[in-house]
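Welcome, and thank you for stopping by. Please take a moment with the sequence and the 3D view, and then we can walk through the structure together.

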Amino acid sequence: MSGSSPAARLQQLFEGRRLTPTQRRIAHSMVRRAGDVPFLSSVELAELAGVSQPSVTRFAVALGFDGYPALRKHLREVAPAEPVPGCGDDAYNEYQQAVLGEIENLRHLAELLADPGPVERAGKLLAASRPLPVLGLRAASSQARGFGYFAAKVHPDVRVLDEGGSILHDRIHAARRAGATALICFALPRHPKEVVDALAYAQEQGLTVVAVADSAFAPVAKYSDLLIPAAVGTGLAFDTACAPMLLGRVLLEAMCDDLPDAQARLEEFDARAVARGLFVE
């Protein structure tokens with residue numbers, strides 16, 4: 001545990017806890033700002049998470065501490081501060097701070113990937129599923145479509161599910177009947193209820209759910225067999241999703257490693273593209 005990052009050590013503190021949605025929001029905020037949290041007051045943490053100060057106190061008690069001061073003391077011991085580029089530095093404007101925030105998200109993702117086990121397991125699950133459903137609604141629809149676009153170059157049957165409504169369950173059911181064994185879901189804030197319901201249904205149908213979500217505490221966690229978190233940026237009016245996009249490409253790479261004909265399929269596509277004059281050099 002001593003060799004892990006502050007964010008990872010915080011994550012371990014929360015794992016296995018039955019947290020309310022408000023408490024999950026506080027936990028998520030703490031993981032995202034692991035380097036700063038041990039030195040924040042309860043009021044500052046409440047502002048960071050967008051909750052009330054009493055909610056922070058109740059959160060500390062729920063974790064087994066006498067109050068927030070005891071939790072903060074514990075955090076200073078297990079998650080000491082690390083320098084975060086741009087944090088609290090007035091020299092950067094809001095646009096630069098948003099970029100620096102995304103860099104920090106990518107750094108946390110790199111630390112998470114120091115253990116390649118979950119990604120390798122996900123790659124095997126996705127490569128083996130025929131067909132492979134790829135789910136993402138609303139804000140996450142672009143992630144699903146991007147993953148599906150590239151996955152279709154190496155996987156024989158990819159089905160992107162990027163529209164909700166009553167037909168969504170029908171398409172999941174059809175994929176399962178066609179032989180699907182796994183489903184990958186991209187889940188980003190705000191989390192549509194349809195996605196949660198769809199994953200619950202997918203598990204009922206016997207599909208193994210692999211999820212890319214903004215937090216291990218995201219609502220989809222309850223219905224995910226394997227969840228790999230990648231934080232979103234919140235420094236602009238609309239969230240940015242550089243880390244989830246990169247994680248999607250990493251999962252594609254892991255999937256390719258378990259598809260023996262992936263390279264041949266890519267070469268075949270390139271040859272067809274040249275013959276059709278698809279791209280301008």
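Let us begin with Ser29, which counts as buried because its relative accessibility is 10%, under the 20% cut-off. Keep in mind as we go that this is a predicted model. Ser29 sits in helix α2. A polar atom of its side chain lies 3.0 Å from the backbone oxygen of Arg25. If we set aside neighbours within four places in sequence, Ser29 is in contact with Leu48 and Ala49.

Now widen the view to the helix itself. How far apart are the end C-alpha atoms of α2? They are 17 Å apart, and this agrees with the 16 Å that its 12 residues should span at 1.5 Å a residue. Ser29 has buried company in α2, including Gln23, Ile26, Ala27 and His28. Met30 and Val31 are buried in α2 as well. Which elements help to cover these buried residues? Among them are α1, α3, α4, α5 and α6. As a general point, an α-helix has 3.6 residues a turn, so residues three or four places apart point the same way.

Thr22 shows another side of α2, the helix in which it is found. Thr22 is partly exposed, because its relative accessible area is 35%, which falls between the 20% and 50% cut-offs. Not counting residues up to four places away in sequence, Thr22 touches Val51 and Ser55. To get a sense of distance, look across to Cys185: the two C-alpha atoms are separated by 23 Å, and the residues are 163 places apart along the chain.

Next comes Leu40, in the loop between α2 and α3. Is Leu40 buried or exposed? Its relative accessibility is 15%, so Leu40 counts as buried. Beyond its neighbours within four places in sequence, Leu40 is in contact with Leu45, Leu48, Tyr68 and Arg72. Leu48 is a name we have already met, as a contact of Ser29. From Leu40 to Val232 the C-alpha atoms are separated by 22 Å, with their places 192 residues apart along the chain.

Val232 leads us on to Asp214, since Val232 is among the residues that Asp214 touches. Asp214 has its place in the loop between β4 and β5. With a relative accessibility of 7%, Asp214 counts as buried. Its side chain is joined to that of His191 by a polar contact of 2.8 Å. Not counting residues up to four places away in sequence, Asp214 also touches His28, Ala187, Leu188 and Pro189, along with Ala230 and Ala231. His28 brings us back to α2, where it is one of the buried residues.

Pro189 deserves another look, this time for its backbone. The peptide bond from Pro189 to Arg190 is cis, with omega near -10°. Arg190 lies in the loop between β3 and α10. A cis peptide bond also joins Arg130 and Pro131, where omega is about 0°, and Pro131 lies in the loop between α7 and β1. A further backbone feature appears at Arg138, in the loop between β1 and α8. Phi of Arg138 is near 50°, a positive value in a residue other than glycine. With a relative accessible area of 67%, Arg138 is exposed.

Let us turn to helix α6, where Leu106 is found. Leu106 counts as partly exposed because its relative accessibility is 31%. Leaving out residues up to four places away in sequence, Leu106 touches Cys242, Ala243 and Leu246. Thr240 is 134 residues from Leu106 in sequence, while their C-alpha atoms are 12 Å apart in space.

Our last stop is an open space. Rolling a probe the size of a water molecule over the atoms shows where empty space is left. The second largest pocket has a volume of about 520 Å³. It is lined by 25 residues, and the closest to its centre are Ala7, Ala8, Gln11, Leu112 and Pro229. The elements that give two or more residues to this lining are α1, α2, α6 and β5. Which element gives the largest share? That is α6, with 5 residues. By type, the lining divides into 12 nonpolar, 8 polar and 5 charged residues.

Terms used: Residues numbered from 1 in each chain as written. Predicted model: local features only at pLDDT ≥ 70, side-chain atom pairs only at ≥ 80, totals over all residues. Heavy atoms only, no water. 1 Å grid on protein atoms, 1.4 Å probe; cavity = no way out; pocket = protein on both sides within 12 Å on 5 of 7 lines; lining within 4 Å. Points joined across faces, edges and corners; volume = space filled by probe spheres on them. Helix = DSSP H or I, 4+ residues; strand = E, 2+ residues; numbered from the N terminus. Nonpolar A, V, L, I, M, F, W, Y, C, P; charged D, E, K, R; others polar. Buried < 20%, exposed > 50% of the residue type's maximum accessible area, 1.4 Å probe, protein only. Contact = heavy atoms within 4.5 Å. Expected span 1.5 Å × (residues − 1). Polar contact = N/O pair within 3.5 Å; in protein donor to acceptor, adjacent residues only side chain to side chain.
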